[in-house]
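Visitor: Please show me the model. I would like to go through it by question and answer.

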Amino acid sequence: MEGQTGTLFIVGACACVLLLGAMRRRAEWLLNFILRAVVGTLAIFFINVAMQKAGMVSLIGLNPVTVLTSGLLGFPGLAMLYGIHFYKTM
């Protein structure tokens with residue numbers, strides 16, 4: 001009986017460590033996504049303002065698709081959004 005109790009204790013401790021590690025990773029991923037989405041949204045806004053002041057009419061809209069793209073892909077996602085937009089307008 002003592003061998004089973006010790007084994008269950010070790011298995012339970014390992015499960016707790018794995019669960020804490022998974023929760024930390026998930027929280028880190030979520031925080032990273034939110035931070036990239038906010039910074040990407042601000043970047044789109046300020047790039048649009050700068051383009052308007054320079055006399056350019058083409059703008060990227062702020063919508064859920066652009067926020068998700070900047071949140072998932074970061075700076076390369078922003079470059080992709082503007083690249084696709086300029087490709088379509090030319």
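**Burial, helices and rings**

Guide: Of the protein's 90 residues, 20% count as buried, where buried means under 20% relative accessible area, exposed over 50% and partly exposed in between (1.4 Å probe, protein chains only). This is a predicted model: local features need pLDDT of at least 70, side-chain atom pairs count only at pLDDT 80 or more, and totals for chains, interfaces and linings use all residues. Residues are numbered from 1 along each chain as its sequence is written, and side-chain values use heavy atoms, with hydrogens and water left out.

Visitor: In what order do the elements of the protein run from the N terminus on?

Guide: Helices (H or I, at least four residues) and strands (E, at least two) are DSSP runs, numbered from the N terminus. The protein has three helices and zero strands. From the N terminus on, the order is α-α-α.

Visitor: Which helix supplies the largest share of the largest nonpolar core?

Guide: A nonpolar core is a set of buried Ala, Val, Leu, Ile, Met, Phe, Trp, Tyr and Cys residues joined through side-chain atoms within 4.5 Å. The largest one has six residues: Ile-44, Met-51, Ile-60, Leu-78, Leu-81 and Tyr-82. Helix 1 (2-53) and helix 3 (75-89) each supply at least two of its residues. The largest share, three residues, comes from helix 3.

Visitor: Which residues does Tyr-82 contact, leaving aside its neighbours within four places in sequence?

Guide: Contact means heavy atoms within 4.5 Å. Tyr-82 belongs to the largest nonpolar core. With those neighbours left aside, its contacts are Ile-44, Ile-47, Asn-48, Met-51 and Ile-60.

Visitor: Is Ser-70 buried or exposed?

Guide: Ser-70 sits in helix 2. Beyond its neighbours within four places in sequence, Ser-70 touches Arg-36, Ala-37, Gly-40, Thr-41 and Leu-78. Its relative accessibility is 0%, so Ser-70 counts as buried.

Visitor: Why is the pair of Trp-29 and Phe-33 called stacked?

Guide: Rings of Phe, Tyr and Trp (its six-membered ring) pair if their centres lie within 6.5 Å; planes under 30 degrees apart count as stacked, over 60 as edge-to-face and the rest as tilted. The count comes to three aromatic pairs. For Trp-29 and Phe-33, the centres are 5.9 Å apart and the planes stand at 10°, so the pair is stacked.

Visitor: How are the rings of Phe-45 and Phe-46 arranged?

Guide: Phe-45 is partly exposed, at 42% relative accessibility. The ring centres of Phe-45 and Phe-46 are 5.3 Å apart, with planes at 70°, so the pair is edge-to-face.

Visitor: Which helix gives the most to the nonpolar patch?

Guide: Patches use residues with over 30% relative accessible area and no salt bridge (a side-chain nitrogen of Lys or Arg within 4 Å of a carboxyl oxygen of Asp or Glu); like charges are joined within 9 Å, nonpolar side chains (Val, Leu, Ile, Met, Phe, Trp, Tyr) within 5 Å. This patch covers about 1200 Å², and Trp-29, Phe-45 and Met-80 are among its residues; accessible areas come from the Shrake-Rupley method with a 1.4 Å probe, and for residues only the protein chains shown count as cover. Helix 1, helix 2 (64-73) and helix 3 each supply at least two residues. With seven residues, the most comes from helix 1.

Visitor: How far apart are the C-alpha atoms of Phe-75 and Val-39?

Guide: Phe-75 lies in helix 3 and is exposed, with a relative accessible area of 66%. Phe-75 and Val-39 are 36 residues apart along the chain. Their C-alpha atoms are separated by 9.3 Å.
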